[in-house]
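Trainee: I would like a close look at a single part of this model, followed by whatever helps to place that part among the chains.

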Amino acid sequence: MIDYPGVDPVLLETADRLFAACCDNRQLLAAEEAGWAKDLWERAAEMGLPWISVPEDRGGSGGGLPEALAVLRVAGRHGAPIPLAETGVLAGWLLAGAGLSVDPASPLTVVPGRDGDTLRLDGGPGPDARLTGTAHRVPWARAAARIVALVGSDDGWQVVAVPTADVGVRVEPDVNLAGEPRDTVHLDGVEPAVLAPAAAGVDPDALVRRGALARVMTMAGALEAMSELTLAYAHQRRQFGRPVATFQAVQQHLVVVAQEAAVVTMAATVAATATARADERAGGGGGSSSSGRDGAFEVAAAKLLANQAAHTATRAAHQAHGAIGMTQEYPLHQLSRRLWSWRKEYGDDRYWTVRLGPLIDAAGADGLYPLIAGG
Amino acid sequence: MIDYPGVDPVLLETADRLFAACCDNRQLLAAEEAGWAKDLWERAAEMGLPWISVPEDRGGSGGGLPEALAVLRVAGRHGAPIPLAETGVLAGWLLAGAGLSVDPASPLTVVPGRDGDTLRLDGGPGPDARLTGTAHRVPWARAAARIVALVGSDDGWQVVAVPTADVGVRVEPDVNLAGEPRDTVHLDGVEPAVLAPAAAGVDPDALVRRGALARVMTMAGALEAMSELTLAYAHQRRQFGRPVATFQAVQQHLVVVAQEAAVVTMAATVAATATARADERAGGGGGSSSSGRDGAFEVAAAKLLANQAAHTATRAAHQAHGAIGMTQEYPLHQLSRRLWSWRKEYGDDRYWTVRLGPLIDAAGADGLYPLIAGG
Amino acid sequence: MSRPAAGPAFRPTKLTDVELALRDQVREFLAAELPHGTFRPGLGMNSPADPAFSRKLGERGWLGMALPARYGGGDRSAVERFIVTEELLRWGAPVAYHWVADRQSGPVINRFGTEVQKRRFLPGICAGRLGFSIGMSEPDAGSDLAAIKARAVRVDGGWRLSGTKIWTTGAHHNDWIITLCRTGDSAERHAGLSQLLVDLHADGVAVHPIPFLDGSTHFNEVVLTDVFVADDDVLGEIGQGWAQTTSELAYERGGPDRWLSTYLLVEQFLREFTGTPTGERARDLLASAVSRWWALRQLSLSVARSIDTGGAPSVESALVKEMATRFEQDVIAAVERLVDLEPSPRSASLFERLLAEAVLTGPSFTIRGGTLEILRSVTAKGLRP
Amino acid sequence: MSRPAAGPAFRPTKLTDVELALRDQVREFLAAELPHGTFRPGLGMNSPADPAFSRKLGERGWLGMALPARYGGGDRSAVERFIVTEELLRWGAPVAYHWVADRQSGPVINRFGTEVQKRRFLPGICAGRLGFSIGMSEPDAGSDLAAIKARAVRVDGGWRLSGTKIWTTGAHHNDWIITLCRTGDSAERHAGLSQLLVDLHADGVAVHPIPFLDGSTHFNEVVLTDVFVADDDVLGEIGQGWAQTTSELAYERGGPDRWLSTYLLVEQFLREFTGTPTGERARDLLASAVSRWWALRQLSLSVARSIDTGGAPSVESALVKEMATRFEQDVIAAVERLVDLEPSPRSASLFERLLAEAVLTGPSFTIRGGTLEILRSVTAKGLRP
């Protein structure tokens, strides 16, 4: 049962049918070979899925952040190999917040900002602006029409987009553990197609936070699908004359996977609600300040839990499956490889642990429970 | 089957019979009330057990460190509530190393040296020497005839002993989680009964290392007994018409407890051998240098493993037992409470992790496997 | 790649303004009644029994909250009861006296009892004046409750009951014990069990303490020797004891008592070690634990809301309980590794005393109310593909 | 308080001077043959197959070490084999080509084979020129080996074998597969099983790769369709296949391959991150892992010594394997949490490539050679009070 508080179930049913039709294990393996699922992208684009939460007057499909995230959760169930989060929830958010528009057909991506990135803006944020440097682990860069980035300038953070077709752009393929493109992008004096100051509060930390929220929701979907797949297998697979689901040792694994899926789905949803509320308060597409109940705690806690779940749940799911789960022909790896990858994207355990530190210190002993209980 | 490489099994059988006769659950509860088991002490003293490894010409029972540690392992099986390790392996080692003698009847203890201790030697290490200050967590202090300590002076580390009967000595009772005395000792200008420079290489670090070795061996015995007790219970206790040992969930616990007991017993024994060899090289009762294969790595690794086992094994053993294991009338707690206490004595996880750091750094990548494989 | 199935459902929920106001009231009451440093806080439901404190809660309408007002209850919701319980437990308040009566005996009497029984017992429970024990486990019937041997035989006007019950919390200060016993001779192990209300002061009832490994005496053995139980004191139907017993706790499993037992340990760590430069290990613990409490609380709250809206969240509450009690133990281990001290039960430091108590009693967290192993089987059976 | 019982016994042991000299020889060979940076090291027994390397080991007498010299073996001890295996694995040497033949097929042929079979197969195994696969698992017979369906029927001069075997490592480059199949019709599931030596190049044998989740193709499905197996190629006795199979691995379970799969990951972490200020987390990992390797190695070595002195350490080796494989996985998780990088299988960093491989293949460590769950049951049954 896919449902998401406040989101039209018809939207989610429709998205689920689309992904289910295009993301079986064979199709995912083909997409891994090809770099992405172009056909799926085109059908999703027809339905406007990638641009949900981007205002219509900015070229988007309208709808709110909850709708967009709910669709990501459905996409996560199927491992949909397209830049869904990148196009709308991330690039669309950056562009629209900066008063820019998306092109309602082209896949976009966003430079997540890793250690070792050297992107810089030369010539100031005017007509002479040129981008140079290297960005690592850019999702789906080879498939994207434009690469959106947040770059520093004397006038504050600027949102820029460069066409991947530009001669100054070189995309060096790399992948994550799931075979999803995480390319290295080299820019050599590229003129941005668009450039505008980022919305108030939008800075690299805010981008990582939004990216983490997108990944957490996608991971929630993957964990739910993993729990269902494992449960189905354990009831179908028989050894010693009975379903393996009746063995205590296997039951323990089934319980753990279901628990982790429940924890992450709950955490993702609560974090999404907190972020959407903060967005509203900030007046639309803006960022949110880093104090108070603006979603900072919720997103940090949710990504930390999701990262831990990626470890705990995959270990249990694989153990419940036995050898079959290690094969390419059985779909479990499409979920586990993605979870292993996504836990390192937009903040690993340590990143979010460090971010939670000041919030906990600020709360102190007397404020600790209110921090946990949201007040 | 109690055996210990190179140690006469008759000694261990004898010790085992003695402890078994004096350390059932009821007797241990009575000793907890009384502060120690005086009757057991007297019988052990008659047999010379506390002074094994202390040279006969220093008032000891002779024998080597392996014999003394093997007896500690047997004592650990029964939770023997007497200062066995303290009297011989620790106090005897300090005194004999300093050319001093033990009194072959009186229980001794040693100041382990905790943060917050303030013991100091006034008047230099001569006839005017006086001891003042507070020492915490001194095992069995209220039962000991003398308290032995290692104190600093301008002439290096001094071994001193003060009679607990001295008017300047005040023993404030405290306990560990097992109810074993871990008293606070206040000294006010006490004249040491004996005083001599510590043997070469004997310093507070060396004392902690020797204390850790003693505790590890005692913990090994406790873990073995815990494994046997848990196994026996799981085979005897029936639920749903069969022994609980036939349930997968319980089997998992039985396996874990047996594994942890095996790990710690092996680690303790190898560490004991390495230490005994280093002792021999250092010429008897001396300390050993902190580099090379002098037992420093082995003792550190063994105590770290024992501390972890105290957590892992007790959790599994209690889970396998269910409610009965939480009661005072069933003997499991005599083992688990001791393991919980001993893991914090003579170096907790962090202490030994910090000590292992430089050894690992010194080994480096190329030397890492030789460090593990002992060459 | 997989079609969605009907898995466990946890709908996120938030507290309403009315509920938030209740929370504020409870917090104000606790701050005034039990200021930090003036009382000995306990670890969750292991906290001390304090009948006077329980009566004060009763006066405020915070016991029997979800019971009908006509029997002295509050006619309030599961979420409101959740809020009060959560605040009491995280404060370390002395809840032991009313705990079982409020959480379990009141609801079961309300569900299965006669009108007379409800009028007789519920007002006292709601006032915090009547303490109850649970008589389920026996020496040979722990996880396997159907192996119960306590037996009641028909006599004129009632039953004569004999048997031995163990792990009966608080029987030495409580008034009644709801006893599961055999009233029939069915070969089917689950049939022929019934629940009887037994006066702990009746003839033939002997209460012996079962000291816990830390020396505390919350637990008792209750030996019943030819105790007469009137027909009026049969709870529910004769022969339905098994069904009544298994249903009564289905939704209560995942409540705040299953994840707050060691909360105070961490709060007190933060209080006593404040200003200490916290290393990576402390940061790891705090971030992990706070995140998990946050998520567990949302899941647990969602179960309470589901009950209020007519749901049947038995799988959900079992899932929460299983992971929550494991987490409570993980917290102890993590805190214990943070500090290089040998915790003494006699220490002047509250943190140290709480740590000692947590280490000693922690193993019971995954045993009480059904072992982890049994819970996992029950939970797994509720998970269907 | 408890009387000593006959639990699992691990006697500490040390390497003799002769054994230490062997270790030095292997280390010198590896340093000369496979210097760091000149080859692609593997993770334990998952390392690449390199027949040329295996032949070099054979030339040095380091394959089939414990087999009789008259069949090309070394007449050496289990401890000596332990030493060679340990050094090869911790170096990440390419052992896959000879692995199964050396570890399992050689010993089982030596134990159950005819004189003719020994003369035919063992010299090739000892020379590193003959590769073997294991034909045990089937689609419906994984943990439950007795459910095997592959069946051989009696024909003139031998057997006609049909069935499907899966998870047969290296069948695409090996020469023979020792196949467990049904030769009788007994209702007793374990009876009627036999082991046949099947030429992988024989008519009716089809080998299809089963790609692993990381795309590698170590594993195969071997489909056997009316394959003729001569009477000479029956291994051991007809009907004794179950007993032969269960005995063959009893002592091999706790070898260095069960705790060294992820050793290189840590060594390489230390190599590439040297000079980086290692935080508390890195110190925790290094100290814990090094300590546990040290103890596991001592336990594992003790098992090998016990075999050499006539012991039957089947419970001991199962205990070691179960904890060792869990530990191998724990190491991956701990290392993975230490470094904030998204490991790419294509990275220029060896550490990163090893980490990617470890994360992807790690789940198999507690599955291969019998799942953790089955192993626990087997082990627990061997533990008697």
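Trainee: In what order do the 4 strands of the open sheet in chain B stand, and what is the pairing?

Mentor: Keep in mind that the model is predicted. The order in the open sheet of chain B is E1-E4-E5-E8, and the pairing is mixed. The edge positions belong to strand E1 (108-110) and strand E8 (194-197) of chain B; each has a single partner strand, so one side of each is left without a neighbour in the sheet. On average, neighbouring strands of this sheet in chain B are turned by 20° against each other, direction ignored.

Within the sheet, strand E4 (residues 146-151) of chain B runs antiparallel to strand E5 (residues 158-163) of chain B, and 6 bridges connect the pair. To find the register, start from B:Ile147, which has B:Val162 in E5(B) opposite. In general, the strands of a sheet pair through backbone hydrogen bonds, in either the parallel or the antiparallel sense. A helix also belongs to this picture: helix H5 (residues 84-97) of chain B lies across E1, E4 and E5 of chain B, at about 70° to E1(B).

Chain A offers a counterpart to read alongside. Its open sheet of 4 strands is ordered E1-E4-E5-E8, with mixed pairing. Strand E1 (108-110) and strand E8 (194-197) of chain A are the edge strands, and a single partner strand for each means that one side of each is left without a neighbour in the sheet. Direction ignored, the average turn between neighbouring strands of this chain A sheet is 20°. Here the pair to look at is E1(A) with strand E4 (residues 146-151) of chain A, which is parallel and has 3 bridges. One of the residues to pick out is A:Thr109, whose bridge partner in E4(A) is A:Ile147. Helix H5 (residues 84-97) of chain A packs on this sheet, where it touches E1, E4 and strand E5 (158-163) of chain A, and its direction makes about 70° with that of E1(A).

The sheet of chain A sits in a chain of 10 helices and 10 strands. The radius of gyration of chain A is 21 Å, close to the 21 Å from the globule rule for 375 residues, so chain A is as compact as a globular protein of that length. Along the principal axes, the C-alpha atoms of chain A fill a box of roughly 75 × 55 × 40 Å. Of the 375 residues in chain A, 62% are buried. Among its contacts between residues at least 6 apart in sequence, 73% join residues at least 24 apart.

Back in chain B, there is also the side that touches chain D. In that interface, 51 residues of chain B are in contact with 42 residues of chain D. The elements of chain B that give two or more residues to this side are helix H1 (9-22), helix H4 (65-78), helix H6 (204-236), helix H7 (248-281), helix H8 (296-321) and helix H10 (349-373). The largest share, 13 residues, comes from H7(B). By class, the residues on this side of chain B are 31 nonpolar, 15 polar and 5 charged.

Chain C has 11 helices and 8 strands. Its radius of gyration is 21 Å, close to the 21 Å that the globule rule gives for 385 residues, so chain C is as compact as a globular protein of that length. The C-alpha atoms of chain C fill a box of roughly 70 × 60 × 40 Å along the principal axes, and 58% of its 385 residues count as buried.

Two strand pairs of chain C share strand E7 (residues 219-230): strand E3 (residues 158-165) of chain C runs antiparallel to E7(C) with 7 bridges, and strand E6 (residues 205-210) of chain C runs antiparallel to E7(C) with 6 bridges. For the register, C:Gly158 stands opposite C:Ala230 in E7(C), while C:Ile210 stands opposite C:Phe219 in E7(C).

Among the helices of chain C, helix H9 (residues 314-338) and helix H11 (residues 372-382) pack at an angle of about 145°, their axes 9 Å apart. Their crossing is left-handed. Residues making the contact include C:Ser314 and C:Leu319 of H9(C) and C:Leu372 and C:Val378 of H11(C). The contact of H9(C) with H11(C) has 6 nonpolar, 4 polar and 4 charged residues.

Note on methods:
Residues are numbered from 1 along each chain as its sequence is written. Chains are lettered from A and ligands numbered from 1 in the order in which they are written. This is a predicted model: local features need pLDDT of at least 70, side-chain atom pairs count only at pLDDT 80 or more; totals for chains, interfaces and linings use all residues. Two residues are in contact if their C-beta atoms, placed from the backbone, lie within 7 Å. Ala, Val, Leu, Ile, Met, Phe, Trp, Tyr, Cys and Pro count as nonpolar, Asp, Glu, Lys and Arg as charged, and the others, Gly among them, as polar. Two strands pair if DSSP finds at least two bridges between them. Axes are lines fitted to C-alpha atoms, for helices over the stretch in contact, and angles run from 0 to 180 degrees between N-to-C directions. The radius of gyration is taken over C-alpha atoms; the globule rule is 2.2 Å times the number of residues to the power 0.38. A residue is buried if 20 or more other C-beta atoms lie within 10 Å of its own, exposed if 12 or fewer, and partly exposed in between; C-beta atoms are placed from the backbone. A crossing is left-handed if the near helix is turned anticlockwise from the far one by less than a right angle, and right-handed if clockwise.
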